[in-house]
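Reader: I should like to discuss how the descriptive terms for this structure are justified. Please set each value against its definition.

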Amino acid sequence: GGDRMFLQLQDCKSRTRDVMKEFSDVYEQQYAVALFNSVRFEIEGGGGTQSQLLHRKDPLAGRLIFSGSLFQYLEENRKWRNRFVSVPNSYTINLYESKTAHERGLHPKVTINCAGYKALTSMEEYIELINTSLPGIKAKMGSNPFIKCATQFPLILWHPYARHHYFCVMTEKEQKKWHAVLQDCVRHSNNGLSEDCTVQTPAFTDAVRRHRQAEGHYGTWDMMCGAPPQILANLVMETLHPDLRNVIGPRLKGKMQQRQRNWMLISDAVYRQVLSQTTARYDALAEACEAQRASLDARLRTDMDQIITSKEHVSGKIRALVLPKAEQLLRNNVQPYISSILEALMEPTSRGFSEVREVFFREMVEISKNSLNGGGKDKLGDLMERLSMLAFHPVKMQSCYEKVEQLNLEGLQQRFDVSSPSVFISRAQILMREQMDNSVYTFEQLLHQSLEAQGENDMCKTIQRCQDRVLKKYDYDSSTVRKKFFREALLQIIIPYMLQQLSPSCSPELPRFKELIFEDFSRFLLVENIFEEVVLQSVTKDIMMAVKEAAVQRRHNLYRDSIVLTNSDPNLHLLGETPPVDWATKFGDDEREGSLGGGIEGGGSGRRRRQVVSMIQLDGLPLAYESCLEVPGVDLIPEEDAEVSEEKREDGGEDREDPEPLESPKSPDSVNEIRGLINPIVEVEPESEEEESDTTNGTEPTAGFIILEDGLQEQVTHVTTKVEDIPRKSPQDKMSPQTMLQQLEVAIKNAIEETEIAVQEDESDSESSPPPPLATDSGRHDDSGFQSPTNEKLEEGVAQPITNGLGGEDKIIDPVEVEVILRPKTETGDR
């Protein structure tokens, strides 16, 4: 079995190489076409209606989205641990041992990039998704999954290929807030292709689409998530994953939960390897194309008129071939459905945009009430500072996002090969967030301008005037943005369907049109692209008419195209060039701000105000409660007694250097726990690496004495060894492919050994005893390697040098180091 799996791993590498080779060829072709389109647009001008609202260039500069504490499930020892979570403005999730570790600038134990994940709040949802992971292995609803949640409020990050992450909190209120934050992280991470890259982004999306079409996949794709290397890894896994599952699935042994767990371990290991390959190859590909850009650009600008003339000539010939077939298909199979697709899109999207307006209006009311009630400028500074981050407050925006989540294309999905509406929901939510921030930013600039001109007299009227102007502009821009979104969504649904229907008869005819293109222009004019443009033009008129008709009827508050708000605020766009207003500095209490820790990069306001989402405060708790600071009691953690006591002994030493431990003291419910509280834990490093091969995760009887810091001599009765990761302090940034393959082999072999052990073990033992450490978890969570959520290695008393990458993630993956923990016992202690 092991040899067969090793061959399968080698096959994974070659499959990735093959897919990247095919993709690279297509990307290079599409890059030249995208450059031609970009330069042509730049020369000819054009574009849509100018927005009425101002757009903020970098709204999250100097901001932290959220931070707080929750429990994380550690698969290595099947225990729940308190973790401090920080979500920076990159929307990655960073987990730390404690808040102190974060404040000291230590490395996060885990960094999660949420692209491709789903945020779940129930075990039922999770079981339903993992039931699809292996053929023939299905858990019954209500049966125990392979993890036991410590509270009634789980939060799970699920991914079809990568490892899953399990968290829980103490209350429903916390769960809702954390769920909104996690969903925002997923939403932001999925939106990984920048629209500002007018060449790379269209080249990449067209290359991915063409590659999938060559495989027979024409419809929308749910896994177009994240940055290009992540999307390419998903592209490889789309075909590799089912094949791998069919080969490895039948060989997995043990109970159902054990097989599911081992399969996820193997899937994650393969995904990490694939991602490391796609990252390296895509970076090289993008660099090679950018190197050619200057020479291609120069040729385009010299020959642009001739290239356009040549393209129009070829387009006319292809149109004569395609149009009769396209029009028949359109008449019989598309036109009857356009209005129902449009209605399915318009209803929930428009409700979402209306809710954005309502949420913004409610915030305006709060600000007006403050001025009516005689609130001073300090209070105004607070309110405006809060308002400035409204669009990025996932909890306040949740009601808007929920409206569009009701979008349903039932009955149309199968006909038009739309895998799910999630692609359109995500896009609408991103647009809603942009419109909210544009509204907020415009209001800030208008109010600031008015206050500068006329001071703080008659503040309420000033606020009201600015609010009315912004809402009028929002209604116009909301209509414009939604109409564009509806047109694009209709094209995304209809064009792939039409291409799938027309390609069998039209594609074989296309090569003969290549003869009509001069060789010098052949890089910029591809007959396949021209064919797609002809199909797109054939349906565009019907789509434009359908959206226009909806606007004429004023359905969903859409404006007619003829309504143009020209020069209603001729000087407004000049305000967009001025720096953002720092309300906390302008109106806030400077002394109070200074006492809160001073300014942060990107603005002068205090640290407390720089967090977008506030901490959770629960009534009735004596201490400041930072979202789940207290560990649940033993009765809330359904683990065996031996595991509970072992966990508590470990906790005794885990946070002892932290001056303000996050975990509250627990009642000594057992002899083992009392022993753990009485007896100190001394950690010593092994002197040679030879000890590594002989140690195991466990407790070994030993004898001897050790001198403690206070000079007392203690007898040592047990030595506990922990095998953990320690970041290497070297500038090397990536694992070699050989090391990656070796780790992958170890991961698979380990999974095989686990399954064989699981078969031999007694049923009850296999559920309650901790599993051996997972070989795949030998590195940190990063987009380029393996990860371990329990890097319990950094001494918090010593600041560690920062060696992580630009994005705040550690990109160094190391061999494990061994740490020996000596557990001394007093003579009078319980043996």
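Reader: What makes strand 6 (residues 153–158) count as mostly covered?

Author: Six of the six residues of strand 6 are buried. Buried means under 20% relative accessible area, exposed over 50%, and partly exposed in between, with a 1.4 Å probe and protein chains only. Phe153, Leu155 and Leu157 point one way from strand 6, while Pro154, Ile156 and Trp158 point the other way, and all are buried. The model is predicted: local features need pLDDT of at least 70, side-chain atom pairs count only at pLDDT 80 or more, and totals for chains, interfaces and linings use all residues. Residues are numbered from 1 along each chain as its sequence is written, and side-chain values use heavy atoms, with hydrogens and water left out.

Reader: How do you know that strand 6 and strand 7 pair?

Author: Two strands pair if DSSP finds at least two bridges between them. Strands themselves are DSSP runs of E with at least two residues, helices are runs of H or I with at least four, and both are numbered from the N terminus. Strand 6 and strand 7 (residues 165–169) are joined by five bridges in the antiparallel sense, so the criterion of at least two is met. Phe153 has Val169 in strand 7 as its bridge partner. The two strands form a hairpin with six residues between them. Strand 5 (residues 118–120) also runs antiparallel to strand 6, with three bridges, and Lys118 stands opposite Trp158.

Reader: What makes strand 1 and strand 7 a pair?

Author: Their antiparallel pairing has two bridges, so it satisfies the requirement of at least two. Phe71 stands opposite Cys168 in strand 7. Strand 1 (residues 64–74) also pairs with strand 2 (residues 79–88) in the antiparallel sense, over ten bridges.

Reader: Why is Thr462 called buried?

Author: Thr462 has a relative accessible area of 1%, which is under 20%, so the term buried applies. Thr462 lies in helix 12. Leaving aside neighbours within four places in sequence, Thr462 is in contact (heavy atoms within 4.5 Å) with Leu447, Ser450, Gln454 and Asn457.

Reader: How does the span of helix 12 compare with the expected one?

Author: Helix 12 (residues 459–506) has 48 residues and reaches 67 Å from its first C-alpha to its last, close to the 70 Å expected. The expected span is 1.5 Å times one less than the number of residues. Helix 12 bends by about 30° at Gln500, and Pro504 follows within four residues. The bend is the angle between axes fitted to the seven residues ending at a residue and the seven starting there.

Reader: What makes Glu172 and Lys176 a salt bridge?

Author: The closest N and O atoms of Glu172 and Lys176 are 4.0 Å apart. A salt bridge is a side-chain nitrogen of Lys or Arg within 4 Å of a carboxyl oxygen of Asp or Glu, so this pair is counted. Both residues lie in helix 4 (residues 172–190), four residues apart, about one turn of the helix. An α-helix has 3.6 residues a turn, so residues three or four places apart point the same way.

Reader: Why is Lys176 called exposed, and what term applies to Glu172?

Author: Lys176 has 57% relative accessibility, which is over 50%, so Lys176 is exposed. Glu172, at 45%, falls in between and is therefore partly exposed.
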